[in-house]
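Reader: I am a first-year student, and I should be grateful for a close look at a single part of this structure. Could you take one helix and explain how it is placed among its surroundings?

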Amino acid sequence: MKVLVADDDPGSLMVARAAVERSGHDCLTAADGDEAWALYLEHQPDVVVTDWMMPGMDGLALCRAIRAREADLYTYIVMLTSQGSRDDVLAGLEAGADDYVTKPLDPFVLHARLLVALRITTLHADLAHYRKVLSQQARTDPLTGLNNRLKLSEDLEQLHGRSHRYTEGYCVAMCDVDNFKSYNDIYGHQAGDLALRTVAAALVGAARKTDGVYRYGGEEFLLVLPNQSQVGAKASMERALDAVRELNIPHSGDPTGRLTLSAGISAFTAEHRADADTLLGEADAALYAAKAAGRNRVELAL
């Protein structure tokens, strides 16, 4: 572990550092609260052992600052002080300390506290990892590996807010695999799943790095195209449809004899500052128009 010790008493600081290093941990030291806070921000230690009374930021203020700053990673805090009343103990714990050791410091006691700290910080690190994995899974379509509608809602809200604030245009493109029901009926659902994964990979390959590609549901996909005009978006989607056609996935139930895609595009512009839900509805209507016009094409929202 990385341990930060903050104490304005040089003798106490030396004892604490020796105890930390004998326990096999890396040690950073600070002679006052302000230096300790600066080192904390720079190094993000696993454990902070801090004196209560120090120049600048005192131990309670340091505890509160650390707790206010923390995100996923947890810092275990041991308050080190000569004050040992019950009120002082409660004040330290309420400020965010996990444990409390009185001076003069007993190296054995600090070693024991660090063993506890290692268990707690390891547990928090594991929990943070699992939270991250679960968060990613909640936003990922399990079949195609694309982001799902939950992630789309989050990303589109952020993009729409930025575009509205800075008057930047963007487009959304709703895509649908043509005659996919008959594809499943002819070739089976396992082949249908493989086809959807293949189409998803083709869409990602045809998109810019700044574009977002999402599984919208069933055989539908949604592309979000930042800083893109309708004309540019149509050219991009024509390339995406070409990429799907070039897969040459046989489909005897389609007039072309292969799997194809249709798309509808709507745009947020300075003249058309519609909300995100309206844009999705317009893109869906344009997709319906592409289907009605014979499929295997791109249509723009009116």
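Author: The account below begins with one helix, α1, and then moves outward to the parts around it.

The model is a predicted one. Helix α1 covers residues 10–22, 13 residues in total. From its first C-alpha to its last it reaches 18 Å, close to the 18 Å expected at 1.5 Å a residue.

Consider the start of the helix. Aspartate 9 caps the N-terminal end of α1, with a side-chain oxygen 3.1 Å from the backbone nitrogen of glycine 11. After the helix comes glycine 24, which has a positive phi, near 90 degrees.

Which residues of α1 are buried? They are Ser12, Leu13, Ala16, Ala19 and Val20. Viewed down the axis of α1, these buried residues fall within an arc of 130 degrees, so they line one face of the helix. On the other side, Pro10, Met14 and Arg22 are exposed. The buried residues of α1 pack against four elements: β1 (2–6), β2, β4 (76–81) and α5 (107–138).

Serine 12 deserves separate attention. This residue of helix α1 has a relative accessible area of 10% and is buried. As buried means under 20% relative accessible area, the value of 10% for serine 12 falls in that class. Its side chain makes a polar contact, at 2.9 Å, with the side chain of aspartate 7. Leaving aside neighbours within four places in sequence, serine 12 is in contact with Asp7, Leu80 and Lys103.

One of those contacts, Lys103, leads to a further detail of the chain. The peptide bond from lysine 103 to proline 104 is cis, with omega near -5 degrees. Proline 104 itself is found in the loop between β5 (99–102) and α5, and α5 is among the elements against which the buried residues of α1 pack.

The strands beside the helix can now be taken in turn. Strand β2 consists of residues 26–30 and contains leucine 28. Leucine 28 and valine 5 are 23 residues apart along the chain, yet their C-alpha atoms are separated by 6.1 Å. Not counting residues up to four places away in sequence, leucine 28 touches Lys2, Val3, Leu4, Val5 and His43.

Strand β1, another element against which α1 packs, runs parallel to β3, and four bridges join the two. Within this pairing, leucine 4 stands opposite valine 48 in β3. Strand β3 is in turn joined to β4 by five bridges, and these two strands also run parallel. Here valine 49 has valine 78 of β4 as its bridge partner.

How many of the five residues of strand β3 are buried? Five of the five residues, numbered 47–51, are buried, so β3 is largely enclosed by the rest of the structure. Val47, Val49 and Asp51 point one way from the strand, whereas Val48 and Thr50 point the other way, and all are buried.

A wider view places this part in context. In soluble globular proteins, nonpolar side chains tend to be buried together. In this model, the largest nonpolar core has 31 residues, and those with the most contacts inside it are Val177, Val199, Leu203, Phe221, Leu223, Met237 and Leu261. The elements that give two or more residues to this core are β6, α7 (180–187), α8 (189–206), β8, α9 (230–245) and β9. A second, separate core of 20 residues includes Leu4, Trp52, Cys63 and Tyr100. Leu4 is thus a member of this second core, as well as one of the residues touched by leucine 28.

Strand β6, one of the contributors to the largest core, offers a useful parallel to β3. Eight of the eight residues of β6 (residues 170–177) are buried, so this strand too is largely enclosed by the rest of the structure. Strand β6 and strand β8 (residues 220–226) run antiparallel and are joined by seven bridges. With strand β9 (residues 261–268), β6 pairs over eight bridges, again in the antiparallel sense.

To return to the helix, the picture is of a buried face made up of Ser12, Leu13, Ala16, Ala19 and Val20, packed against β1, β2, β4 and α5, with Pro10, Met14 and Arg22 exposed on the other side.

Methods:
Residues are numbered from 1 along each chain as its sequence is written. This is a predicted model: local features need pLDDT of at least 70, side-chain atom pairs count only at pLDDT 80 or more; totals for chains, interfaces and linings use all residues. Side-chain values use heavy atoms; hydrogens and water are left out. Buried means under 20% relative accessible area, exposed over 50%, partly exposed in between (1.4 Å probe, protein chains only). Two strands pair if DSSP finds at least two bridges between them. Contact means heavy atoms within 4.5 Å. A nonpolar core is a set of buried Ala, Val, Leu, Ile, Met, Phe, Trp, Tyr and Cys residues joined through side-chain atoms within 4.5 Å. The expected span of a helix is 1.5 Å times one less than its number of residues. The arc is that of the directions from the helix axis to the C-beta atoms. A polar contact is a pair of N or O atoms within 3.5 Å; within protein, one must be able to donate a hydrogen and the other to accept it, and residues adjacent in sequence count only if both atoms are side-chain atoms.
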